[in-house]
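Reader: I have a structure open and would like to go through it with you. Could you begin with how its helices pack?

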Amino acid sequence: MAKAINPLQEQLLKAGLVKKSKVAQVAREQAKARNAKGGGAGPSEIELEAQRARAEKAERDRALEVERKLEAQQKEMLAQARQIIRERKVPRSGESEYRFTADGAIRTLLIDADQRRKLAAGALVIVASGDSYDLLPRVAADQVLARAPQLVVLDHGQAEADAETPTSEDDAYYAQFKVPDDLIW
């Protein structure tokens, strides 16, 4: 394999000042330097596109991971709320029907007079428990409300706080006509 030797290298070789192996080594180094300069001008467009695609994929993966974590956290909070309902529900007793609306339909619970008074006062709250409805004391209902507000079906304690401030002249006028809490419909 004949390598191109420049005239200075050839003269030094003839004069015996350098060895042939040293000339070959210098020629290899010069060839490497030339190749590095030509290829190292900057990343090619394909490499830039590949880097952009990797960055986009990493961002997408991060967003999906955040979404998965949020979903898992919501499931955990819902499971905690259901556990609170199972552990703290008030046993229902009585033959009096208490009607309320849930999911656009009128539902009925059988309760006694004491439970009716507590419901009206806001000391008890009705929560959804699977396909049925249960009564919870106020403390447990607040814990459920913090974790899964969609499970709280009826809360007279929250409704009273909203109803105390009339929003229009009509509300102020009708405020003088009190409706009894023990009204059964």
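Author: Certainly. Please note that this is a predicted model. Helices α3 and α5 pack with their axes 8 Å apart, at an angle of about 165 degrees.

Reader: Which way does α3 run relative to α5?

Author: An angle over 145 degrees counts as roughly antiparallel, so α3 is roughly antiparallel to α5.

Reader: Which residues make the contact?

Author: From α3, the contact uses M77, Q80, A81, I84, I85 and R88. From α5, A140, Q143, V144, A146 and R147 take part.

Reader: Is the crossing left-handed or right-handed?

Author: The crossing of α3 and α5 is left-handed.

Reader: How many residues does α3 have?

Author: Helix α3 has 44 residues. From its first C-alpha to its last it reaches 64 Å, close to the 64 Å expected at 1.5 Å a residue.

Reader: Which residues of α3 are buried, and what covers them?

Author: L78, A81, I84 and I85 are buried in α3. The cover over the buried residues of α3 includes strands β3 (124-129) and β4 (132-137), together with helix α5 (138-147). Of the buried residues, A81, I84 and I85 also belong to the contact with α5.

Reader: Let me change topic to charges. How many salt bridges are there?

Author: A search of the whole structure finds eleven salt bridges. As background, side chains of opposite charge can pair when their charged atoms come close.

Reader: Since we were on α3, which residues form a salt bridge there?

Author: One pair is R68 and E65, whose side chains meet in a salt bridge at 3.4 Å, N to O. These residues are three apart in helix α3 (residues 45-88), so about one helical turn separates R68 from E65.

Reader: Are those two buried or exposed?

Author: R68 is exposed, with a relative accessible area of 52%. E65 has 37% relative accessibility, so E65 counts as partly exposed.

Reader: What about helix α1?

Author: In helix α1 (residues 7-15), K14 and E10 lie four residues apart, about one turn of the helix. Their side chains meet in a salt bridge at 3.7 Å, N to O. K14 is exposed at a relative accessible area of 67%, whereas E10 is partly exposed at 39%.

Reader: And which pair meets in α4?

Author: The side chains of D114 and K118 meet in a salt bridge, with 3.5 Å from N to O. Both are in helix α4 (residues 113-121), four residues apart, so they are separated by about one helical turn. D114 counts as partly exposed at 33% relative accessibility, and K118 is partly exposed at 38%.

Reader: Which residues are joined with D114 in a network?

Author: Salt bridges that share partners link D114, R117 and K118 in one network.

Reader: I also noticed Q115. Where is it found, and is it buried or exposed?

Author: Q115 is found in helix α4. Its relative accessible area is 5%. Buried means under 20%, so Q115 is buried.

Reader: What is Q115 in contact with?

Author: Leaving aside neighbours within four places in sequence, Q115 is in contact with V90, P91, R92, S93, L124 and L135. L124 falls within strand β3 (124-129) and L135 within strand β4 (132-137). Those two strands are also among the elements that cover the buried residues of α3.

Methods. Residues are numbered from 1 along each chain as its sequence is written. This is a predicted model: local features need pLDDT of at least 70, side-chain atom pairs count only at pLDDT 80 or more; totals for chains, interfaces and linings use all residues. Side-chain values use heavy atoms; hydrogens and water are left out. A salt bridge is a side-chain nitrogen of Lys or Arg within 4 Å of a carboxyl oxygen of Asp or Glu. Buried means under 20% relative accessible area, exposed over 50%, partly exposed in between (1.4 Å probe, protein chains only). Contact means heavy atoms within 4.5 Å. The expected span of a helix is 1.5 Å times one less than its number of residues. Axes are lines fitted to C-alpha atoms, for helices over the stretch in contact, and angles run from 0 to 180 degrees between N-to-C directions. Angles under 35 degrees count as roughly parallel, over 145 as roughly antiparallel, 65 to 115 as roughly perpendicular and the rest as oblique. A crossing is left-handed if the near helix is turned anticlockwise from the far one by less than a right angle, and right-handed if clockwise.
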